[in-house]
Number of protein chains: 2
Amino acid sequence: MTRKAARPGLSAEHIVEAALAQLAERGLERFSLRDVARALGVYPTAVYWYFRSRNELLAAACAHALRPVVPPPRPGDWQRWLRELFTRYRQAMRRHPHLAQLVGAQMLSNASLDFALVEGILQALAQAGCPDEAIVELYNTVVVALCGFATLELAPLPAEDPEGWAEDLQQRVRDIPAADYPALARHLPRLADRSFILRWTPGDRRPMARSFAAYVEVVIAGLAQRIAQARG
Amino acid sequence: MTRKAARPGLSAEHIVEAALAQLAERGLERFSLRDVARALGVYPTAVYWYFRSRNELLAAACAHALRPVVPPPRPGDWQRWLRELFTRYRQAMRRHPHLAQLVGAQMLSNASLDFALVEGILQALAQAGCPDEAIVELYNTVVVALCGFATLELAPLPAEDPEGWAEDLQQRVRDIPAADYPALARHLPRLADRSFILRWTPGDRRPMARSFAAYVEVVIAGLAQRIAQARG
DNA sequence: ACCTGAACACCGTTCAAGT
DNA sequence: ACCTGAACACCGTTCAAGT
């Protein structure tokens with residue numbers, strides 16, 4: 001009844017899912033291929049049948065996470081399309097917070113969906129009236145803007161002794177000398193734990209939705225103005 | 001003549017310099033505390049007298065790299081001050097390209113210079129006329145904008161088999177089906193190796209200065225408009 | 001105070017061997 | 001084709017010991 005050779009118990013997709021689970025559980029810094037294999041009940045080296053390296057596995061995980069980011073076309077409304085793209089990217093990263101640093105910082109070069117993303121951005125810029133001479137710089141601007149917010153929002157806080165670190169930071173924030181930093185002292189109640197550098201709760205537990213919305217509008221308004229200017 | 005106990009041959013500053021040298025030579029992914037110790041001619045464990053962990057050493061390296069980023073005050077010209085801040089940040093990261101991902105993605109919470117940075121940004125926003133209710137979101141927007149560009153520009157390309165990877169990407173770019181990606185196909189000559197996702201030369205060897213300049217102007221113009229709008 | 005030295009519990013990856 | 005199994009060359013970190 002049993003076959004001569006068992007059908008493979010593994011698959012690339014299966015491994016990627018296990019990797020995403022490990023990532024969610026232990027974070028990027030403590031992510032290990034051996035743990036993924038353990039979770040799957042196979043030898044570490046079995047993974048190498050499907051992926052050439054640990055990095056390739058992580059790249060595949062990034063590609064998986066990024067699948068739903070490119071929005072459907074919105075003919076005639078480039079601002080809405082961009083807004084949607086930015087929002088989807090952030091949501092995709094919120095589902096896999098530990099991937100944000102990877103995608104933002106180094107993985108933007110692998111997946112095959114990437115060409116669709118490029119095409120979408122170029123079409124949005126064209127619709128906005130961007131002249132050909134400005135297409136490279138504004139395309140690059142959009143890509144940076146796309147990754148920037150979620151990368152910082154979801155950045156991991158120090159992994160070792162997080163409570164101790166949080167207390168230290170709060171103490172230092174309380175002790176800020178108002179004479180040296182008047183604006184900071186004045187706005188501290190608004191900023192504390194709600195803003196970069198002055199926060200101790202990670203972004204996945206304390207979303208920065210309002211700031212994200214403002215950020216998106218700043219970028220879009222800036223693009224519109226820069227395009228108008230480039231057209232002369 | 002020789003003292004009873006030799007004065008320490010090491011120092012935190014000395015170790016940080018060795019770490020920066022190692023980083024420049026081998027990159028972040030292959031950075032190891034043991035190599036730093038080897039370069040200094042001491043046992044790996046000697047480093048632990050000065051730093052509690054590898055991560056703390058890297059944080060110190062980031063703080064070192066970030067020292068010169070906060071510009072002197074520019075009373076009455078917040079746009080100039082911001083432009084200078086962005087430029088200095090990028091230049092600091094260009095001096096230590098392998099730190100860009102760290103600083104951008106996770107280390108924005110340690111150094112003591114940080115409070116000066118926060119104060120400067122808040123004062124710039126105040127000068128721009130930002131109302132108090134919008135200060136948090138626009139402060140966060142500025143911080144993201146600050147780190148975003150250099151983080152992506154200097155992102156490392158795949159460490160394993162970089163030439164093979166570069167050739168693959170170039171091949172895939174050449175094979176882009178113009179029917180599926182018309183805008184991409186049309187602008188490809190401009191974009192190839194000069195834009196994110198479509199480049200195979202790393203940003204430290206091929207700077208993206210024009211795109212950076214455009215990016216900065218987009219952000220500043222967007223801030224100005226958003227502030228004007230927030231004032232009603 | 002500052003560093004040596006040994007040891008622990010891990011890694012990613014290679015290669016040969018099994019089925 | 002797909003996985004086991006052993007082995008290699010590393011890691012970061014802890015702890016005790018030296019001076």
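A residue counts as near a molecule or strand if one of its heavy atoms lies within 4 Å of it. In this predicted model, local features need pLDDT of at least 70 and side-chain atom pairs count only at pLDDT 80 or more, while totals for chains, interfaces and linings use all residues. Residues are numbered from 1 along each chain as its sequence is written, chains are lettered from A and ligands numbered from 1 in the order in which they are written, and side-chain values use heavy atoms, with hydrogens and water left out.

A good place to begin is DNA strand C. Of the 21 residues around this strand, A:Arg34, A:Thr45, A:Tyr48, B:Tyr43 and B:Tyr50 come nearest. The surface near the strand divides into 10 nonpolar, 5 polar and 6 charged residues (Ala, Val, Leu, Ile, Met, Phe, Trp, Tyr, Cys and Pro count as nonpolar, Asp, Glu, Lys and Arg as charged, and the others, Gly among them, as polar). Helix H2 of chain A (residues 33-40) gives the most to this surface, with 4 residues; helices are DSSP runs (H or I, at least four residues), numbered from the N terminus.

On the DNA side, 59% of the strand C atoms within 4 Å of the protein belong to sugar or phosphate, and the rest to bases. Phosphate oxygens of strand C take part in polar contacts (pairs of N or O atoms within 3.5 Å). One such oxygen is 2.7 Å from an N or O atom in the side chain of B:Tyr43. For A:Leu33, a polar backbone atom is 2.9 Å from a phosphate oxygen, and for A:Arg38 a side-chain N or O atom is 3.3 Å from one.

Notes:
A polar contact is a pair of N or O atoms within 3.5 Å; within protein, one must be able to donate a hydrogen and the other to accept it, and residues adjacent in sequence count only if both atoms are side-chain atoms. Helices (H or I, at least four residues) and strands (E, at least two) are DSSP runs, numbered from the N terminus.
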